[in-house]
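Let's take a walk through this structure together. Have the sequence and the 3D view handy, and follow along as we go.

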Amino acid sequence: MLPAVRYLLGSPGANGFGSKSTAEEVCPDLQGSSVTAIITGATSGIGAETARVLAKRGARVVIPARSVKAAEDMRARIRDECPAADVLVLPLDLSSLASVRAFAERFLDLGLPLHLLINNAGKFSHGQLALSEDGVEMTFATNYLGHFLLTKLLVGRMAETAAATGIQGRIVNVSSSVHGWFAGDWAEYLHLVTRRKIAYDATQAYAVSKLANVLHTRALAARLQEMGANVTANCVHPGIVRTRLNRDRDGLLTDLVFLLLSKLLKTIPQAAATTCYVAAHPRLAGVTGRYFADCNEALPSPAATNAHEAERLWQMSEAMIDGKTNLEELVLLFPAQEGASDRK
């Protein structure tokens with residue numbers, strides 16, 4: 001009850017920030033630090049506000065996008081406000097592993113440093129089941145697997161940059177509290193839904209992808225520490241905000257629900273605050289493997305703290321990006337932890 005009251009009132013947490021804090025309020029000045037940030041999903045909504053604020057604070061911002069025109073329009077809007085902003089645009093379709101590899105190659109060939117990687121892009125698939133060109137359920141492919149590969153391809157540059165500059169690198173995975181809505185074996189669920197053995201449920205698919213974001217963060221943070229890399233990895237829940245993701249569900253019922261819940265919704269500047277705080281605030285130097293909401297550390301769901309499942313997801317993801325997308329075989333090869341609930 002107390003967290004809910006705090007959220008509604010916007011009461012600050014231990015760090016002085018809360019649900020009503022905005023991205024500009026929590027983001028420090030980055031002028032003089034020559035910080036380079038890649039932000040996926042930065043052509044609208046939370047990602048666009050994150051890009052705007054980081055650019056305003058002095059970071060070089062790279063906007064990868066499926067629609068280059070939308071990214072160029074976003075660059076123009078940033079430069080209208082900050083004429084000196086350094087904003088680069090590169091093509092990227094996160095649902096395509098080939099596109100992710102092409103983007104990473106293009107970026108690395110530029111020879112730029114990389115301090116911040118903000119895996120923000122999110123998709124909510126509507127209607128019937130859709131598969132990516134790699135044969136992966138589209139929501140999982142876009143929200144998680146593409147980001148997994150992107151991070152894998154860029155983490156070496158981030159470690160090099162941190163070592164050369166002394167500026168700690170930070171990876172921020174944008175998840176959602178919806179990750180707690182899924183119960184069961186996420187891999188078995190993906191297998192069954194991909195083979196059309198169970199009905200497709202867009203909300204469940206989205207929850208699985210967001211659970212994967214949190215598990216990925218846990219496994220990634222551990223590996224970065226093992227590498228001795230001066231790079232952290234954390235996960236955030238931005239809050240509920242009416243962005244394009246849920247505007248796509250417009251209708252009388254949806255509009256009524258949003259009207260009734262208007263006091264619970266964040267503005268986009270408020271929703272981008274946790275991402276900017278975790279990405280840039282000096283108070284989080286050295287903090288890794290954590291989950292944040294309303295600019296304060298929070299607890300993810302029990303399933304998201306399962307070390308076995310985090311490692312299982314990592315191993316299965318490695319296989320999937322290598323083209324092994326037969327989930328029936330992968331589920332057998334990487335079984336769920338004994339005693340975990342099954343989804344039949």
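An open sheet of eight strands runs through this predicted model, in the order S3-S2-S1-S4-S5-S6-S7-S8, and the pairing is mixed. Strands pair here if DSSP finds at least two bridges between them; strands (E, at least two residues) and helices (H or I, at least four) are DSSP runs, numbered from the N terminus. Strand S3 (87-91) and strand S8 (296-298) stand at the edges with a single partner strand each, so one side of each has no neighbour in the sheet. From one strand to the next, the twist averages 25°.

A word on ground rules: residues are numbered from 1 along each chain as its sequence is written. This is a predicted model, where local features need pLDDT of at least 70, side-chain atom pairs count only at pLDDT 80 or more, totals for chains, interfaces and linings use all residues, and side-chain values use heavy atoms, leaving out hydrogens and water.

Now zoom in on one pair of strands. S1 (residues 36-39) and S4 (residues 116-119) pair in the parallel sense over three bridges, and Ile39 has Ile118 in S4 as its bridge partner.

Helices lie against this sheet too. Helix H8 (residues 202-227) packs on it, touching S5, strand S6 (231-237) and strand S7 (291-293), where contact means heavy atoms within 4.5 Å. The direction of H8 makes about 160° with that of S6; angles run from 0 to 180 degrees between N-to-C directions, and axes are lines fitted to C-alpha atoms, for helices over the stretch in contact. Helix H4 (residues 68-81) lies across strand S2 (60-65) and S3, running at about 175° to S3.

How do helices H5 and H6 cross? The axes of H5 (residues 97-109) and H6 (residues 138-165) come within 9 Å and cross at roughly 25°. That makes the two roughly parallel, the word for angles under 35 degrees. The contact involves, among others, Phe103 and Phe107 of H5 and Leu149 and Leu153 of H6. Its residues divide into eleven nonpolar, one polar and two charged; Ala, Val, Leu, Ile, Met, Phe, Trp, Tyr, Cys and Pro count as nonpolar, Asp, Glu, Lys and Arg as charged, and the others, Gly among them, as polar.

Last stop: Trp181, in the loop between strand S5 (169-174) and helix H7 (186-194). Is Trp181 buried or exposed? With a relative accessible area of 55%, Trp181 is exposed (over 50%, with a 1.4 Å probe and protein chains only). Not counting residues up to four places away in sequence, Trp181 touches Thr203, Gln204 and Ala207.

Technical notes:
Angles under 35 degrees count as roughly parallel, over 145 as roughly antiparallel, 65 to 115 as roughly perpendicular and the rest as oblique. Buried means under 20% relative accessible area, exposed over 50%, partly exposed in between (1.4 Å probe, protein chains only).
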